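User: Could you take a close look at one part of this chain, the places where the backbone does something out of the ordinary, and set them in the context of the fold around them?

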Amino acid sequence: MRLISEPPIPVKIQKMQERVRWLHPQIVQRGIDQTSMVVDDNQDENPEFSFMVIGDSGTKSHFGYHPQRQVAELMLAHKDDCRFVLHTGDVIYVVGSHEYYPTNFIEPYREFLVGGENPEKIAYDRMVFNLPFLPVLGNHDYYDVPLMYRLLTGSTLRLRRMLRYKDFEIGWHGSNQGDAYSRAFLDYLAAVASPEELTQHLDSHYTAKTDNGRCLRYQPGVFTRIPNRYYTYRYGGIDFFALDSNTFNEPSPLPTTQEGELYRRELQKRRQQIDQEEVQILEMSDHLNADNPEEAEQLDDLSAKLDQINEVKIDIEKQLASHSAPKIDFEQLDWLRNRLIESWNNPEVRGRIIYLHHPPYVTEATKWHQAQTLAVRHRLRWVFTQVAQSLGSLVKERPLVDLVLSGHAHCLEYLRTVDTGYADSNINYIISGGSGRRPRRQRSEGTELEENFTDSSGSSTRKVADSLLYVGRTGYSSQKRLPYSCVRIDVHNGTPLKFTVKPLVAERVGEYWFNNQFDPFVI
């Protein structure tokens, strides 16, 4: 039985545009840029500031302990020193349902919310942050569950166990094609009832100005909505670009060559093997009792494996379904290209940071070679190449982007590209996806990433990136170590940009928690 469904890219785009009333006449008449905002905290011009990054956090407690809350408590020690929190997506597992916002988001992050002393009274679509939370969509924030599965499993845990899925956070609802996330974080203009109310709303909250016109004013403690599924803002002289990578991660079609057909058969064979692995995991989990601590740990390991193989299954299915040209969100990619060019031509801007869900480069065992990873890498590389061609000598020896932040891979990782032969060379990447949902292991193939290239002279393989730090699952059985993480990033004054990165890690070993101390590093 298929557990998860995902809307097609055109549906994602259409639904999200409807929710923000994309290019509504009243918005156009006022010259409002729906992709920009200003974080109005009276500190945004200070060139030295700090922020935190979390991702893949939105899960419940596991057999009596709550990893996400452990990370939140690490964050609290830095809350007063940081200006905002970036969330790299997968806010709510497993299918982004509004049912799980109270337990999987509001409760663990209650101190970051106005009224957080009574979290049970906070509605998921009425949240106001006392410290800005600035998220992007993860794949799980778009997911839904088939109607039949909801009918069978939404009512009782007993029925769920009859189907042998014991640890899935699935109830009566999915994300409704990203609607729950939208109501939680976006300025959901579709809910504004009348033209008069829309006028009042726009004149009250779209009062900030940028070079591209009027835009939304984000006010901590007052009004904390973001304008769109992708957006930009300037803070401390740095342009931040928040992207929705779920609409440009579709794999390219398999080649119609003999090699392409052989690869398709390999994918189909692997798909069948995964189905068999899934059945074996479910049969093993049937004999385990979650009330027994030792067996609960085994059940958690099996659930983690089930998570992993379902992700691999989805990636394979996307490749097998790619018969024609992939549906790519060129509108967003063109927007990113144009805004990067504008940013480089603005003498007031001293750097650029991108954050998105899917990592372009990663060494986590289940993600490094996925077709979606390569698709995101190639789409961003395409954008960067156009930007570099437009800017010419203006860039000089600096990377086009100072830092790229992402999640999706359940780990904390720092990578840096080498000379890739393209405009994504010598860029720093930090993956912060270990903030709550089962940490993953690093691949066994090593820390150097290689890529296959094909040109007129033939095919070749060359190194494209190095993994310089990896914090993820290690050990087995009683020696198993599960590090849950986020990062604090201190931005220094001056150009080119300089960052001090401080990993914050709470590690579970057996039944005990340890706050691991990692040395800060400078990039």
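**Backbone exceptions and their surroundings**

Analyst: In this predicted model, helix α1 is followed by Arg21, whose phi is positive, near 50 degrees. For background, most residues other than glycine have a negative phi, and most peptide bonds are trans. The helix that precedes Arg21 spans residues 9-19, and its buried residues are Ile9, Lys12, Ile13, Met16 and Arg19. These five lie on the same side of α1, because the arc they cover around the axis is only 130 degrees. The buried residues of α1 pack against α7, residues 179-185.

Two further residues with a positive phi sit in loops, and their surroundings can be set side by side. Lys396, a residue other than glycine, has a phi near 60 degrees and is found in the loop between α12 (371-391) and β10 (403-406). His408, also not a glycine, has a positive phi of about 70 degrees and belongs to the loop between β10 and β11 (412-417). Lys396 is exposed, with a relative accessible area of 71%, whereas His408 is buried, with a relative accessible area of 5%.

A glycine with a positive phi appears in a hairpin: strands β7 and β8 are separated by 2 residues, and Gly236 in the turn has a phi of about 60 degrees. The two strands run antiparallel and are joined by 5 bridges, with β8 covering residues 238-242; Arg234, for instance, has Asp239 in β8 as its bridge partner. Strand β7 (residues 231-235) is largely enclosed by the rest of the structure, since 4 of its 5 residues are buried.

The peptide bonds also hold exceptions. The bond from Tyr93 to Val94 is cis, with omega near 0 degrees, and Val94 lies in the loop between β3 (84-87) and α4 (101-106). The bond from Thr495 to Pro496 is likewise cis, with omega near 0 degrees, and here Pro496 is found in the loop between β15 (481-491) and β16 (499-509).

As for the wider setting, the chain has 12 helices and 18 strands, and buried residues make up 58% of its 523 residues. Its radius of gyration is 22 Å, which agrees with the value near 24 Å for a compact globule of 523 residues. Among the contacts with a separation of 6 or more, 76% are between residues 24 or more positions apart.

Methods: Residues numbered from 1 in each chain as written. Predicted model: local features only at pLDDT ≥ 70, side-chain atom pairs only at ≥ 80, totals over all residues. Heavy atoms only, no water. Buried < 20%, exposed > 50% of the residue type's maximum accessible area, 1.4 Å probe, protein only. Pairing = 2+ DSSP bridges. Arc of directions from axis to C-beta. Contact = heavy atoms within 4.5 Å. Rg over C-alpha atoms; globule rule 2.2 N^0.38 Å.
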